[in-house]
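Work through the exercises below with the sequence and the structure in view. Each task is followed by its solution.

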Amino acid sequence: MMTLTRFAGWPVIAGAGLAGLTAALHLDRPCVVLSPTPLGDEAASMLAQGGLAAAVGHDDDVSLHIKDTLDAGDGLCDAKAVEEIIAAGPSALATLLEWGVAFDRKGEDALDLHLEAAHSRARIAHVRGDSSGAGIMQALIARVKALPRIVVLEGVTLDHLHEVEGEIRGVWLNTGQFIPTNFCILASGGAGALYAVATSPGSNTGRGLAAAARAGARLADMEFVQFHPTALDVETGGGRAPLISEAVRGAGAVLVDETGGRFTEELQSRDRVSRAIARHRLDGHRVFLDARSGRAGKGLRQLFSRQFPGIARSCRSFGIDPDREPIPVRPAVHYHMGGVATDLHGRTSLTGLWACGEVACTGLHGANRLASNSLLEAFVMGRAVAWDVNNAPRERHSCQNPSRPARLGAASFGQRMDRGAGILRDHDGIEALLASLAPLAERDDHALVGAAIAAAALRRRESRGSHWRLDCQEPSAVGRYHFTLKDIGLQERSTVCA
Ligand SMILES: Cc1cc2nc3c(=O)[nH]c(=O)nc-3n(C[C@H](O)[C@H](O)[C@H](O)COP(=O)(O)OP(=O)(O)OC[C@H]3O[C@@H](n4cnc5c(N)ncnc54)[C@H](O)[C@@H]3O)c2cc1C
């Protein structure tokens with residue numbers, strides 16, 4: 001075992017997406033950022049197309065953005081989280097502009113804002129049309145590289161948290177090394193790639209979440225997994241499903257089947273559109289997004305490749321020309337509303353562990369995330385975590401020689417997840433998923449996260465937001481589920497200092 005004494009006591013940030021890099025940039029001291037890949041690769045933040053939602057339009061107001069977020073969340077949002085995070089939107093956007101993010105403009109003064117599904121106003125700030133995430137991340141990566149106090153360890157991941165009596169004393173890396181510290185910031189992204197068909201990058205399988213859960217952190221809203229209605233329906237050989245942004249429907253494209261007929265309203269919330277498509281596919285239809293003619297004269301009329309150049313490129317790489325033909329689409333897992341429960345400082349239930357971005361659950365999204373609210377949350381909460389760490393007492397207990405826990409597996413359960421905890425669920429399917437994963441959870445991170453999703457889904461005997469139970473389709477008065485692994489009968493791991 002090798003202790004990395006050079007970094008002893010430094011904040012360790014696990015994950016280098018928007019949340020992790022925002023936290024690093026707002027810290028007031030040296031920190032370590034763990035990135036499994038070269039900086040920016042394999043982060044969902046890099047892939048974001050639509051952009052970042054903020055109420056800055058001349059006809060917009062924070063109260064309208066709050067209302068849209070609460071409506072999408074279907075009765076399960078934490079109202080305080082919604083108010084605070086949404087209200088921070090304009091200042092988040094202002095900081096990103098100051099940092100050099102080249103958001104698209106309409107003339108000299110005004111930002112060009114897109115409309116997306118379930119937003120009552122055009123409020124999505126974007127970069128180079130549909131390259132929003134890459135545009136934001138490139139600016140942040142340049143700033144990180146220019147700051148010597150931020151040490152990025154590429155090819156390195158967080159394996160385990162070393163917890164003693166509810167307090168973090170250090171982190172174990174995949175290299176077998178240990179960093180003694182009382183400050184760990186979990187920013188390891190979502191868990192979409194646990195499923196067979198997902199838009200998320202392959203590293204988003206919830207392993208950071210698993211490490212927090214095994215250390216005893218409370219989880220929340222785990223049953224809520226958002227499906228994006230329109231991923232490209234092509235054979236990817238097991239890779240990520242390319243996304244066709246909501247902004248394409250916002251710009252007027254329509255959903256049709258092989259007959260050319262429409263079968264649903266395109267601008268409903270994501271969960272409704274996803275279910276409509278899933279049901280239509282179950283009835284034997286194929287589904288397409290037609291960007292050629294459009295709703296009520298709002299067609300893209302051969303402008304697709306100019307307005308959405310990245311998406312057009314992605315379609316063409318599969319032999320589809322969106323200017324001339326309908327794009328085949330299907331729903332795919334896209335976002336995890338659940339995660340490690342935090343307050344609005346990003347504090348988890350463990351002292352010394354903060355979480356931000358998609359791995360965390362502040363309650364902003366409730367049962368269903370409003371499109372483009374997650375980049376906003378990743379930035380606002382990354383900043384909030386850093387501010388809280390900056391104010392936390394520096395010296396507590398650390399641990400120099402802990403015994404190293406066993407390395408854990410990460411097998412593939414994609415088809416089982418799709419079947420048991422997909423868009424349309426029922427008691428028997430969820431129960432079978434839980435029964436198959438729970439016995440493996442002690443030794444396998446993917447099984448652990450899948451089992452936690454299934455356990456929460458089994459308990460929620462109602463349909464709400466992205467959680468749709470065919471056996472109980474009515475909503476009931478059930479609140480949010482917060483739980484630890486012990487509460488759902490799965491084993492935590494205890495560690496001791498040698
Ligand atoms: C295709 C696509 C398009 C999207 N479009 C939009 C959009 O337009 N607007 C919007 O608001 N949201 C969008 N989202 C969602 C949004 O991109 C994510 O929710 C957000 O970027 C999450 O940021 P993050 O920093 O939490 O995670 P990520 O950006 O995923 O970064 C997490 C990082 O942690 C790393 N990691 C994983 N495990 C570990 C570990 N154990 N140790 C260390 N590091 C680890 C990962 O490799 C990754 O680099 C989109 C998502 C996808 C997949």
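**Exercise 1.** Find which side chain has an N or O atom in polar contact with a nitrogen atom of the ligand.

*Solution.* A polar contact is a pair of N or O atoms within 3.5 Å. In this predicted model, the side chain of Ser374 places such an atom 2.7 Å from a ligand nitrogen. Backbone atoms also take part: a polar one of Ala19 is 3.0 Å from a ligand oxygen, and one of Ser372 is 3.4 Å from a ligand oxygen.

The model is predicted, with local features needing pLDDT of at least 70 and side-chain atom pairs pLDDT 80 or more, while totals for chains, interfaces and linings use all residues. Residues are numbered from 1 along each chain as its sequence is written, and side-chain values use heavy atoms, without hydrogens and water.

**Exercise 2.** Describe the shell around the ligand by residue class.

*Solution.* Start with the count: 36 residues surround the ligand, each with a heavy atom within 4 Å of it. Ser45, Ser203, Glu358, Ser374 and Leu375 come nearest. Then sort by class: 15 are nonpolar, 18 polar and three charged; Gly counts as polar.

**Exercise 3.** State how domain 1 and domain 2 meet.

*Solution.* First take the bounds, from an automatic or database assignment: domain 1 is 7–224 + 337–401 and domain 2 is 231–332. Their C-alpha centres lie 28 Å apart. Next, 19 residues of domain 1 contact 22 of domain 2, where contact means heavy atoms within 4.5 Å.

Methods:
A polar contact is a pair of N or O atoms within 3.5 Å; within protein, one must be able to donate a hydrogen and the other to accept it, and residues adjacent in sequence count only if both atoms are side-chain atoms.
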